[in-house]
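Welcome! Here is a short tour of one helix and its neighbours, written with a modeller's eye for definitions.

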Amino acid sequence: MKDDLHPATRAAQGLGLKCEVTGAVVPPIHVSTTFARGADYELPTEHGYGRDQNPTFVQPQAMIADLEGGADALLFASGMAACTAPFQVLRQGDHVVVPDIMYYGLPKWLRRFGADRGLSVDFVPTADMKALAAAVRPGETKLVWVESPCNPVWRVTDLAAASEITHGAGARLAVDSTAATPVLTRPFEHGVDIVVHAATKYLNGHTDVMAGAVVTKEKDAFWERICSHRQLTGPILGSFEAFLLTRGMRTLYLRVPAATRSAQAIAEHFEGHPALSHVLYPGLPNHPDHAVAARQMTGGFGGMLSFRVKGGAETARTVAAACALFKPATSLGGVESLIEHRGTVEGPDSPTPKDLLRLSVGIEDTDDLIADLEAALDPAQSR
Ligand SMILES: Cc1ncc(COP(=O)(O)O)c(C=O)c1O
């Protein structure tokens, strides 16, 4: 496919990849776990064994690398398998810096297994450049991990500034860009080295595939370790999931802008609502990172926002349960809207405010979504 075509075109056409045998515009799902050698006892293609050479991975991996502008991408069995991969390939004694608030699965893994694996981990507010600069240790820090926009308060990290600080200390910068998607932010253009996605979310977009992706700016020695890690531990997708992910990504550039428009409208509509103490959304001018987000994010501020509900955790849970269109379920990035009391999932040790509801805005009609939330918040006003 020609290099000058827009990402929306590249995604819709799946990079123009087709079946070379039949010309099918949807490449087939390969289910074979192994591939026969020829009469010369050579493999006819680069595909030898299904653990990491499944031909069904070729198109989605190429698409993710292309849309991010990276040199290569690898699919993983889930977002968590992708998020932990860069940490799994670090060495004993390596120092890492991660956010103090982020998608809660990663800090849970780091607290449980990081020290056992010899990692030294600092949890700091990575969206604050002074805090980040104070946390990195030149020569000792090997990885700085940020998430932008960051669950569930949607802080946005200035990736260019973070990469300058990180590289100044001789470390790599990785970003979990699940909520931004390549539609709204292309982290490599801001100096990031590794981009990670929970592809379960926006990239797939239909709440029916668990998947993760790690993308690299350069095929360097660190990338080679990540490739080896996947090959030798095997946290891969099934063929059908890889196919579904490809299909989901073809509509990425329709879905993300639609969700983004509605999220902006919902944030503006509910800001100052009497039942809410805060609306957390980087598209609102009063958000602490609005200026950074306006500079760094293209085409909007994403489909994720949070409400802090007056009345605390119990009222928040009641509001989530009272929604009809917003489903009271965990996860994000699908075509259907979801609402969730994060404290219930994250448990008592979580730093997330107990009154916080996380909203994943889907692609339904915006007015219907606003009416649903209005109705759910109404009883909260009278409590
Ligand atoms: C930002 C972010 N990263 C990673 C993950 C983990 O993804 P998965 O559930 O596919 O393992 C999630 C899941 O919600 C997430 O929101």
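What follows covers burial, helix packing and aromatic contacts.

This is a predicted model, where local features need pLDDT of at least 70, side-chain atom pairs count only at pLDDT 80 or more, and totals for chains, interfaces and linings use all residues. Residues are numbered from 1 along each chain as its sequence is written, and side-chain values use heavy atoms, with hydrogens and water left out.

Let's start with helix 5 (residues 105-114), where Gly-105, Leu-106, Pro-107, Trp-109, Leu-110 and Gly-114 are buried (under 20% relative accessible area, 1.4 Å probe, protein chains only). Helices are DSSP runs of H or I with at least four residues, and strands are E runs of at least two, numbered from the N terminus. The cover over these buried residues includes helix 4 (79-88), strand 2 (95-99), strand 3 (120-124) and strand 4 (141-147).

The table shows who touches whom between the two helices, with contact meaning heavy atoms within 4.5 Å.

| Helix | Residues in the contact |
|---|---|
| helix 4 | Met-80, Cys-83, Thr-84, Phe-87, Gln-88 |
| helix 5 | Gly-105, Leu-106, Trp-109, Leu-110 |

Now for the rings: the whole structure holds seven aromatic pairs, counted for Phe, Tyr and Trp (its six-membered ring) when centres lie within 6.5 Å. Phe-87 and Trp-145 have ring centres 5.3 Å apart and planes at 50 degrees, so this pair is tilted (under 30 degrees is stacked, over 60 edge-to-face, the rest tilted). Phe-87 in helix 4 and Trp-145 in strand 4 are 58 residues apart, and both are buried. Together with Trp-109 and Phe-113, they form one aromatic cluster.

Terms used
Buried means under 20% relative accessible area, exposed over 50%, partly exposed in between (1.4 Å probe, protein chains only).
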